[in-house]
Amino acid sequence: DAKYKTIQVPHMADSITEGTLKAWAKQVGEQVEQDEEVASIETDKVDIPVNSPVSGVLRELLANEEDTVVVGQDLFKIEEGAVAEGGAAKPKAKEAAAPPAETKAEAAPTPAPAAPAAAPAPPAAPPAAAPAAAPAASQPKAETKATAPVSFGEPNRSERRVKMNRMRLRISERLKQSQNTAAQLTTFNEIDMTNLMDMRKQYKDAVLKTHGVKLGYMGAFVKASSHALQAVPEVNASIDGDHMVFYDYCDVSVAVATPKGLVTPVLRNTERMSMVDVEQEIANLGKKARDNKITVEDMAGGTFTISNGGVFGSL
């Protein structure tokens, strides 16, 4: 039918061909506006929202949550230009539901006159017996406290299996792959950070007030790395076949922790940034990553990578 439009899994990135359908934001029969999110697809890099290109009513879901879907696969059908049944009647239903609440509120005072009728029952004797029982009740409590540690019960031997998301799976694969294929060398260099720490202490309040961002150490690390990359171009290069590719710009990837895993968004042209510019861009990219709004383009490229080890005790 011409009025039914089939929406397919969109192109996500050159290196991403499939993903996991994590959630349907809309259900069959619901109204969908143009560019409104209908579904979310989880990939090994980012979450891809699937938006509707037209307005209408969602008529059919062609995949289930947690299914693996590939680029170009039919995902859902929408009746273009249609209006959901009862869509305009919902506010009226809420208004109609309000009067009964008022009548209940009005009906609530009516039982109040029955209170005087219940008042003529003054058996004052039970309260006198209650204090006598209270001391006796306090003794068992002390006994239970003393005997509670005696029983340890059976040890817990249960197990839980939790499916890993695609990002964590890919991170574990890449870590193991690098361990198997890369020649790894770890070196430690100690430097005197006194002057940098004094500068940060002196200007951090002014920077926060003027620029709205905290002055951390990553700004200094990125700027120092950028100067080093320009001074030693071989470090800011890659090998492509039998050629070395030298980059005349510095695109620095920084590690950002998110609830789903570690991502490395890229700071572009850091050789032209100030320390405050770096801190602002890291804050913006970090917020996008934590809000699941970071895109593949934000993480593509990068000529050098810095791991933010400050939170792990290296500073």
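# A tour that starts at helix H7

Select helix H7, residues 275–290. H7 has 16 residues, and its first and last C-alpha atoms lie 23 Å apart, close to the 22 Å expected at 1.5 Å a residue. The model you are looking at is predicted.

Keep H7 selected and colour its buried residues. They are Val276, Val278, Glu279, Ile282, Leu285, Gly286 and Ala289. Past the end of the helix, click on Asn292, which follows H7 and has a positive phi, near 60°.

**The whole chain**

Zoom out. The chain has 315 residues, and 26% of them are buried. Eight helices and 15 strands can be picked out in the cartoon view. Of the contacts with a separation of 6 or more, 62% are between residues 24 or more positions apart. Switch to a surface view: the chain exposes about 21900 Å², and 55% of that comes from carbon and sulfur atoms.

**The largest nonpolar core**

Which residues have the most contacts inside the largest nonpolar core? Select Leu75, Phe76, Val222 and Val254, which hold that place in a core of 38 residues. Several elements each supply at least two residues of this core, among them strand E2 (18–24), strand E8 (74–80), helix H6 (218–231) and strand E11 (252–254). The largest share, four residues, comes from H7, where the tour began.

Now centre the view on Leu75. Apart from neighbours within four places in sequence, Leu75 is in contact with ten residues you can display one by one: Ile7, Gln8, Val9, Leu21, Trp24, Val50, Leu61, Leu62, Ala63 and Val69.

**Helix H6**

Select H6 next. Its end C-alpha atoms are 20 Å apart, which agrees with the 20 Å that its 14 residues should span at 1.5 Å a residue. The buried residues in H6 are Met218, Gly219, Ala220, Val222, Lys223, Ser225, Ser226 and Leu229. What covers them? Show helix H5 (194–211), E11, strand E14 (266–267), H7 and strand E15 (304–306), which are included in the cover over the buried residues of H6.

**Salt bridges**

The structure holds nine salt bridges. Three of them are visited here, followed by a network.

Select Glu66 and Lys22. They form a salt bridge whose closest N and O atoms are 2.9 Å apart. This pair links distant parts of the chain, with Glu66 in the loop between E6 and E7, Lys22 in strand E2, and their positions 44 residues apart. Glu66 is partly exposed, with a relative accessible area of 37%, and Lys22 is also partly exposed, at 29%.

Move to Arg268 and Asp251. In this salt bridge the closest N and O atoms are 3.5 Å apart. Arg268 lies in the loop between E14 and H7, while Asp251 lies in the loop between strand E10 (243–246) and E11, 17 residues away in sequence. Is Asp251 buried or exposed? At 8% relative accessibility, Asp251 counts as buried, because the cut-off for buried is under 20%. Arg268 is partly exposed, at 34%.

Return to H7 and select Lys288 together with Asp298. Their side chains meet in a salt bridge, 2.8 Å from N to O. Asp298 lies in helix H8 and Lys288 in helix H7, so the pair ties together parts that are ten residues apart in sequence. Asp298 is buried, with a relative accessible area of 16%, whereas Lys288 is partly exposed, at 29%.

For the network, select Lys3, Arg59 and Glu79. Salt bridges that share partners join these residues into one network.

**Loops with a positive phi**

Go back to Glu66. Its phi is near 75°, a positive value in a residue other than glycine. Another such residue is Asp35, with phi near 70°. Asp35 lies in the loop between strand E3 (31–32) and strand E4 (37–42), and is exposed, with a relative accessible area of 56%.

Stay in that loop and select Gln34, which also lies between E3 and E4. Gln34 and Ser52 are 18 residues apart in sequence, but their C-alpha atoms are 5.6 Å apart in space. Leaving aside neighbours within four places in sequence, Gln34 is in contact with Ser52, Pro53, Val54 and Ser55.

**Last stop: a surface patch**

Select Ile239, Met244 and Phe246 and turn the surface on. These residues make a nonpolar surface patch of about 340 Å². Ile239 is found in strand E9 (residues 237–240) and is exposed, with a relative accessible area of 68%.

Methods
Residues are numbered from 1 along each chain as its sequence is written. This is a predicted model: local features need pLDDT of at least 70, side-chain atom pairs count only at pLDDT 80 or more; totals for chains, interfaces and linings use all residues. Side-chain values use heavy atoms; hydrogens and water are left out. Patches are made of residues with over 30% relative accessible area and no salt bridge: like charges are joined within 9 Å, nonpolar side chains (Val, Leu, Ile, Met, Phe, Trp, Tyr) within 5 Å. Accessible areas come from the Shrake-Rupley method with a 1.4 Å probe; for residues, only the protein chains shown count as cover. A salt bridge is a side-chain nitrogen of Lys or Arg within 4 Å of a carboxyl oxygen of Asp or Glu. Buried means under 20% relative accessible area, exposed over 50%, partly exposed in between (1.4 Å probe, protein chains only). Contact means heavy atoms within 4.5 Å. A nonpolar core is a set of buried Ala, Val, Leu, Ile, Met, Phe, Trp, Tyr and Cys residues joined through side-chain atoms within 4.5 Å. The expected span of a helix is 1.5 Å times one less than its number of residues.
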